[in-house]
Amino acid sequence: ADTQLTVYPLGVRGESTEEIVVRIPLESAARFARGGEHRIVISAGVSDAQRRIPPAQSAAALDFGLGSTTVPTLVVGPSPVGDAGHTARIAMVDEAFAAVCARRGIRYISVYQRLLRRPTWRRAIAGDGVHPDRTGYAMLSRIVFDGWSTWLEDDSQGKKSQAK
């Protein structure tokens with residue numbers, strides 16, 4: 001069956017997980033008021049690592065955000081970047097996010113390990129060291145697609161999302 005989606009991308013470049021999740025209730029209220037099926041996808045963490053926010057603080061913020069909604073939620077982890085120190089901090093955020101999602105039974109798509117050592121990914125982020133080019137976004141979308149598709153199918157059949 002075809003799924004009709006209306007997508008509202010709400011990302012603000014450079015926002016931390018804390019800054020993102022405090023907007024969930026407010027942003028959702030207006031969009032969810034008219035009924036229908038609703039879902040949230042959260043993708044955060046790269047800015048947290050850049051700003052040197054402790055991974056435990058980022059994880060607590062994610063946990064708060066996940067607790068602020070009752071709709072099915074998918075979390076996509078942060079991707080590696082060009083700077084080794086920043087990437088090492090991203091690894092810690094990725095692990096912390098995975099643990100929060102596992103504890104809550106929320107599907108988590110970790111892209112970090114799948115992209116970390118791929119030369120194609122490193123070339124894709126060569127421009128500014130963070131944001132991928134077209135090839136990089138294609139790689140990222142392929143990784144996310146499988147988890148996304150399963151998440152849509154599982155929740156539409158009334159199954160609880162499992163951490164991945």
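Which residue in β3 is the bridge partner of valine 76? The bridge partner is isoleucine 109. This report covers a predicted model.

## The sheet

Three strands make up an open sheet. Their order is β1-β2-β3, and the pairing is parallel. Strands β1 (40–43) and β3 (107–109) sit at the edges, and each pairs on one side only. From one strand to the next, the twist averages 20 degrees. Strands of a sheet pair through backbone hydrogen bonds, either parallel or antiparallel.

The pairing of β1 with β2 (residues 73–76) runs over four bridges, in the parallel sense. Isoleucine 40 stands opposite threonine 73 in β2. Valine 41 has leucine 74 as its bridge partner in β2. Serine 43 has valine 76 as its bridge partner in β2. Strands β2 and β3 also run parallel, joined by three bridges. Valine 76 thus appears in two pairings: with serine 43, and with isoleucine 109 in β3.

## Side chains along the strands

The side chains of β1 alternate. Ile40 and Ile42 point to one face and are buried. Val41 and Ser43 point to the other face and are not buried.

How do the side chains of β2 point? Thr73 and Val75 point one way, Leu74 and Val76 the other way. All of these β2 residues are buried. Two of the β1–β2 pairings can be read with burial in mind. Buried Ile40 stands opposite Thr73, which is buried. Ser43 is not buried, but its bridge partner Val76 is.

## A buried aspartate

Aspartate 48 lies in helix α3 (residues 46–50). Is this residue with or without a salt bridge? Aspartate 48 is buried yet has no salt bridge. The nearest side chain of opposite charge belongs to arginine 51, 6.7 Å away. The cut-off for a salt bridge is 4 Å between a side-chain nitrogen and a carboxyl oxygen.

Leaving aside residues up to four places away in sequence, aspartate 48 touches Ser16, Thr17, Ile53 and Ser58.

## Salt bridges

How many salt bridges does the structure hold? The count is seven. One of them joins arginine 103 and aspartate 63, at 2.9 Å from N to O. This pair links distant parts of the chain. Arginine 103 is in helix α5 (residues 84–104), aspartate 63 is in helix α4 (residues 55–67), and they are 40 residues apart. Arginine 103 is exposed, at a relative accessible area of 56%. Salt bridges that share partners join Glu15, Arg23, Glu27 and Arg31 into one network.

Within that network, glutamate 27 forms a salt bridge with arginine 31. Their closest N and O atoms are 2.9 Å apart. Both residues are in helix α2 (residues 24–32). They are four residues apart there, so about one helical turn separates them. Arginine 31 is partly exposed, with a relative accessible area of 29%. Another salt bridge brings together the side chains of arginine 39 and glutamate 37, at 2.5 Å from N to O. Glutamate 37 is exposed, at 58% relative accessibility.

## The tryptophan pair

The structure has one aromatic pair. Tryptophan 148 and tryptophan 151 have ring centres 5.5 Å apart and planes at 55 degrees, so the pair is tilted. Why are these two residues separated by about one helical turn? Because tryptophan 148 and tryptophan 151 are three residues apart in helix α8 (residues 134–156).

Their accessibility can be set side by side. Tryptophan 148 is partly exposed, at 23% relative accessibility. Tryptophan 151 is buried, at 0% relative accessibility.

## An exposed loop glycine

Where is glycine 127 found? Glycine 127 is in the loop between α7 (119–124) and α8. At 77% relative accessibility, glycine 127 counts as exposed.

Glycine 127 and valine 100 are 27 residues apart along the chain. Their C-alpha atoms are separated by 32 Å.

Technical notes: Residues are numbered from 1 along each chain as its sequence is written. This is a predicted model: local features need pLDDT of at least 70, side-chain atom pairs count only at pLDDT 80 or more; totals for chains, interfaces and linings use all residues. Side-chain values use heavy atoms; hydrogens and water are left out. Two strands pair if DSSP finds at least two bridges between them. Axes are lines fitted to C-alpha atoms, for helices over the stretch in contact, and angles run from 0 to 180 degrees between N-to-C directions. Buried means under 20% relative accessible area, exposed over 50%, partly exposed in between (1.4 Å probe, protein chains only). Lys and Arg count as positive and Asp and Glu as negative; His and the chain ends are not counted. Contact means heavy atoms within 4.5 Å. Rings of Phe, Tyr and Trp (its six-membered ring) pair if their centres lie within 6.5 Å; planes under 30 degrees apart count as stacked, over 60 as edge-to-face and the rest as tilted.
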